[in-house]
Amino acid sequence: MQRFLLPLLFLALSPPAICHYSSSTSSPSSSSVSSDASEWRPARATYYAATNPRDAVGGACGYGDLVKSGYGMATVGLSETLFERGQICGACFELRCVDDLRWCIPGTSIILTATNFCAPNYGFDPDGGGHCNPPNKHFVLPIEAFEKIAIWKAGNMPVQYRRINCRKEGSMRFTVDGGGIFISVLITNVAGSGDIAAVKIKGSRTGWLPMGRNWGQNWHINADLSNQALSFEVTSSDRSTVTSYNVSPKNWNYGQTFEGKQFETP
């Protein structure tokens with residue numbers, strides 16, 4: 001059985017964000033994800049198994065150590081068709097195994113957060129070894145997650161998926177990095193739609209300044225905000241906005257993580 005390994009990126013991060021497995025296929029109670037987005041759609045899924053401890057760290061969304069940041073094994077890498085150049089990072093999906101009674105675990109589904117990218121392999125056809133090539137909708141799960149819905153011998157499995165709202169414990173988190181006037185902010189533990197469309201930052205002596213997406217959910221700006229308390233305005237893909245004022249003290253340092261407000265999830 002071939003085991004699939006995803007490209008991994010390494011960043012330091014800080015604690016919790018809770019996402020867990022579900023053994024239910026009932027509809028999510030939240031209403032902020034559109035009914036179209038929450039309909040079950042066909043896709044396929046494979047798994048990967050870490051070959052050394054570092055393989056559990058990273059991901060193309062920039063979340064760093066997924067266990068320390070609270071995502072654990074309830075994560076997924078998405079094919080190019082689904083990944084949306086990183087816009088989708090942080091979104092939550094529910095997956096269930098279908099159409100193969102030999103390998104599916106009946107009545108189960110799993111809730112996963114998008115944290116990684118499955119790169120296409122144009123040396124193979126989409127119907128051959130190029131599982132993550134366009135136009136395929138493909139999910140790559142840690143084996144620990146895959147085995148919640150199917151027996152590992154299934155390999156490349158037909159599944160159904162739907163977009164659901166993310167439920168997170170605690171507040172949104174802002175990890176500030178960079179140097180000099182370059183500021184990079186990693187935003188994690190985002191509830192609601194989970195993915196972020198726009199970010200603004202404000203120093204205690206400035207107005208609101210738009211940030212650009214650097215990669216994944218890392219956002220950047222060139223600005224001198226030293227010795228100023230930092231505020232953030234975060235807009236999700238469903239156009240909801242949360243403003244967190246003075247989340248850091250004015251003597252903040254690079255590498256620190258601060259907590260702000262959270263999106264409401266009914």
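Trainee: Which cysteine does Cys 92 join in a disulfide?

Mentor: Cys 92 is joined to Cys 166, with S to S at 2.1 Å, where a disulfide is taken as a pair of cysteine sulfur atoms within 2.5 Å. Please keep in mind that this is a predicted model, in which local features need pLDDT of at least 70 and side-chain atom pairs count only at pLDDT 80 or more, while totals for chains, interfaces and linings use all residues. Residues are numbered from 1 along each chain as its sequence is written, and side-chain values use heavy atoms, with hydrogens and water left out.

Trainee: Where do the two ends of that link sit?

Mentor: Cys 92 is in strand S3 (residues 92-97) and Cys 166 is in the loop between S6 and S7, so the disulfide links distant parts of the chain, 74 residues apart. Strands here are DSSP runs (E, at least two residues), and helices are runs of H or I with at least four residues, numbered from the N terminus.

Trainee: Why is that one called right-handed?

Mentor: The torsion about the S-S bond of Cys 92 and Cys 166 is about 120 degrees, and therefore the disulfide is right-handed.

Trainee: And are those two cysteines buried or exposed?

Mentor: Cys 92 is buried at 1% relative accessibility, and Cys 166 is buried as well, at 0%. Buried means under 20% relative accessible area, exposed means over 50%, and partly exposed is in between, with a 1.4 Å probe and protein chains only.

Trainee: How many disulfides does the structure hold?

Mentor: The structure holds four disulfides, and their pattern is 1-2, 3-8, 4-5, 6-7 when bonded cysteines are counted along the chain. One of them joins Cys 97 to Cys 104, with S to S at 2.0 Å, and this link is left-handed, with -70 degrees about the S-S bond. Cys 97 is buried at 14% relative accessibility, and Cys 104 is buried at 13%.

Trainee: What about Cys 118, which residue is its partner?

Mentor: Cys 118 forms a disulfide with Cys 132, their sulfur atoms being 2.0 Å apart. The torsion about that S-S bond is about 90 degrees, so the disulfide is right-handed. Cys 118 and Cys 132 are both buried.

Trainee: Switching to the fold, what order do the strands of the barrel take?

Mentor: Six strands close into the barrel in the order S1-S5-S2-S4-S3-S6, with mixed pairing, and the twist averages 45 degrees from one strand to the next. That angle is taken between axes, which are lines fitted to C-alpha atoms (for helices over the stretch in contact), and it runs from 0 to 180 degrees between N-to-C directions. Within the barrel, S3 and S6 pair in the antiparallel sense over six bridges, where pairing requires that DSSP finds at least two bridges between two strands. Cys 97 has Val 159 in S6 as its bridge partner.

Trainee: Which strands pair with S13?

Mentor: Strand S9 (residues 196-203) pairs with S13 in the antiparallel sense over seven bridges, and Ile 201 stands opposite Phe 232 in S13. Strand S14 (residues 241-244) is joined to S13 by four bridges, and these two also run antiparallel. Val 234 has Val 242 in S14 as its bridge partner. In the hairpin of S13 and S14, which has four residues between the strands, Arg 239 takes a positive phi near 75 degrees.

Trainee: How many residues of S13 are buried?

Mentor: Seven of its seven residues are buried, in a strand that covers residues 230-236. Leu 230, Phe 232, Val 234 and Ser 236 point one way, while Ser 231, Glu 233 and Thr 235 point the other way.

Trainee: On to rings, how many aromatic pairs are there?

Mentor: The count comes to nine aromatic pairs. Rings of Phe, Tyr and Trp (its six-membered ring) pair if their centres lie within 6.5 Å, and planes under 30 degrees apart count as stacked, over 60 as edge-to-face and the rest as tilted. Among them, Phe 139 and Tyr 161 form a tilted pair, at 5.1 Å centre to centre with 55 degrees between the planes. Phe 139 lies in strand S5 (residues 138-142) and Tyr 161 in strand S6 (residues 157-164), so the pair ties together parts 22 residues apart in sequence. Both Phe 139 and Tyr 161 are buried, and ring pairs link them with Phe 93 into a cluster.
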